[in-house]
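This briefing deals with the spaces inside one protein model and with the ligand that accompanies it. Please look over the sequence and the structure before reading on.

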Amino acid sequence: MKVDQVSRRLEALAVSETLAMAAKSRELKGQGIDIADLSLGEPDFNTPDYIKAAAIQAIHDNYTHYPPVPGYADLRQAIVTKLKRDNNLDFTPEQVVVSNGGKQSIANVILSVVDPGDQVIIPAPYWVSYPEMVKMAEGETVAVFAGIEQNYKITPAQLEVAITDRTRAFLFSSPSNPTGEIYSREELKALADVLARHPQILIISDEIYEYINYTGHHESIAQFESVRDRVAIMNGVSKGYAMTGWRIGYMAGPLWLAKACTKLQGQYTSACSSIAQKAAAAAVLGDRSKVEGMVGIFRKRRDLVVSALSAIPGLRTNNPPGAFYVLPDISSFIGKTDGTHTISSSGDLVMYLLNVGNVALVSGDAFGAPGCVRISYSTSEEVLKKAVDRIAAALSKLS
Ligand code: PLP
């Protein structure tokens, strides 16, 4: 054994490709190259002032001590109020656990229920961190793939055949990162009908992009009585309130699971920042007009990007109704060359677009979507216009 030998558990984890692309693009920017960066997964807006004011007040009021492990009572009550107001779901504050971002909420749930060898079904394309979290728990990811021709959404039949007696959980996001797609009420009902026949499966419903939805009302799989008591809703304030840096997310689910997550985080983070919790309580209960304003801007940007991408020969794009991502299928460029660079994968195409086109995207490989690239449109129209022009020009050189 050597001192610098990291654990097998850590070695098995992949490095986040999103972060690797951010580092590469920062390096080029450092050399003075103008990079149009569409690789980021966060709103480019700042946190609204009324939320910042609540945090400042919390400091003045001396909320500077350890908070309770599952979160302050007033924040958990605010989340219960939100779940009733927005989703018509009944929870008690004891069923809510507040964590350091939605990311920790998901990891808490996975580590609370997955034993070595247990399977977790994850529709692909998926968010990069899901399979890595399953690995951390020594579980096995069963990816169920849905391509662009089915709007990247799995069917009930696909779900049914993936279920085995080792399936412990079903984990998905809607609205989705990386596709921006949303399961309709009917589609969620059809998935719930399948899951209703398999009572050992916990449903982990990641709803972090709830408010970034251009179709109108958000639908949660927790609304269906047949599965209601085994849905863990994951949500948070990062995306909907432009609060990524505050690190507040939450899980609302069955009481036994809330107790498990509390036990777990009690041993490794204790709780999350007292100040950020007070800010999150103000966000969740506060005026939503700022949020709605952001959504209107995101929608305009989506239209700009999708219409420009649709005009590029050989590229097939979806027209996503939510989140702030588009996932075009670029498989027709695989095997092509500009004479210097040969494209053998979406990873190659992303590097080509970075080095030749000076646009930063993320390869679909990281999201279980080989043949695709993820575009984040959470940046200004000016950068978006520049980026899509550059993508079109760089792709036109490939034959
Ligand atoms: N779930 C999805 C699908 C995400 O894209 C993200 C962030 O990128 C998260 C969860 C976690 O968000 P946070 O930890 O900032 O609350």
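## Pocket, ligand and cavities

Helix H6 makes the greatest contribution to the lining of the largest pocket, supplying 6 residues. The model described here is a predicted one, and the space that the ligand takes up in it is that largest pocket. Beyond the pocket, the structure holds 3 cavities of 30 Å³ or more.

**The largest pocket**

- The largest pocket encloses about 940 Å³ of space, and its lining is made up of 40 residues, among which Ser16, Lys103, Trp127, Val128 and Ser129 lie nearest the centre.
- At least two lining residues come from each of helix H2 (17-30), helix H5, helix H6 (129-136) and strand E7 (231-236).
- Sorted by class, the lining of this pocket comprises 20 nonpolar, 12 polar and 8 charged residues.

**The ligand and its shell**

- The ligand is surrounded by Gly101, Gly102, Lys103, Trp127, Tyr130, Asn177, Asp206, Ile208, Tyr209, Ser238, Lys239 and Arg247, a shell that divides into 4 nonpolar, 4 polar and 4 charged residues.
- Helix H5 (residues 101-113) gives the most to this shell, with 3 residues.
- Oxygen atoms of the ligand are approached by the backbone as well as by side chains: a backbone N or O atom of Gly102 lies 2.6 Å from a ligand oxygen, while a polar side-chain atom of Asn177 lies 2.7 Å from a ligand oxygen, and a polar side-chain atom of Tyr209 lies 2.8 Å from a ligand oxygen.
- The ligand taken alone would expose 390 Å², and the protein buries 92% of that area.

**The largest cavity**

- About 120 Å³ of space lies in the largest cavity, which is lined by 17 residues, with Pro123, Pro125, Ser173, Ser176 and Tyr183 nearest its centre.
- Strand E3 (119-124) and strand E5 (167-173) each provide at least two residues of this lining.
- The lining of the largest cavity divides by class into 11 nonpolar, 4 polar and 2 charged residues.

**The second largest cavity**

- The second largest cavity has a volume of about 50 Å³, and the residues that line it are Lys82, Glu210, Tyr211, Asn235, Gly236, Val237, Tyr241, Tyr250 and Val284.
- By class, the lining of the second largest cavity consists of 5 nonpolar, 2 polar and 2 charged residues.

Definitions and conventions. Residues are numbered from 1 along each chain as its sequence is written. This is a predicted model: local features need pLDDT of at least 70, side-chain atom pairs count only at pLDDT 80 or more; totals for chains, interfaces and linings use all residues. Side-chain values use heavy atoms; hydrogens and water are left out. A residue is near a molecule or strand if one of its heavy atoms lies within 4 Å of it. A polar contact is a pair of N or O atoms within 3.5 Å; within protein, one must be able to donate a hydrogen and the other to accept it, and residues adjacent in sequence count only if both atoms are side-chain atoms. Accessible areas come from the Shrake-Rupley method with a 1.4 Å probe; for residues, only the protein chains shown count as cover. On a 1 Å grid over the protein atoms alone, a cavity is a set of points where a 1.4 Å probe fits but cannot get out, and a pocket is an open set with protein on both sides within 12 Å along at least five of seven lines; lining residues have an atom within 4 Å of a point. A molecule sits in a cavity or pocket if more than half of its atoms lie within 2 Å of its grid points. Helices (H or I, at least four residues) and strands (E, at least two) are DSSP runs, numbered from the N terminus. Ala, Val, Leu, Ile, Met, Phe, Trp, Tyr, Cys and Pro count as nonpolar, Asp, Glu, Lys and Arg as charged, and the others, Gly among them, as polar. Grid points are joined across faces, edges and corners, and a volume is the space filled by probe spheres set on the points.
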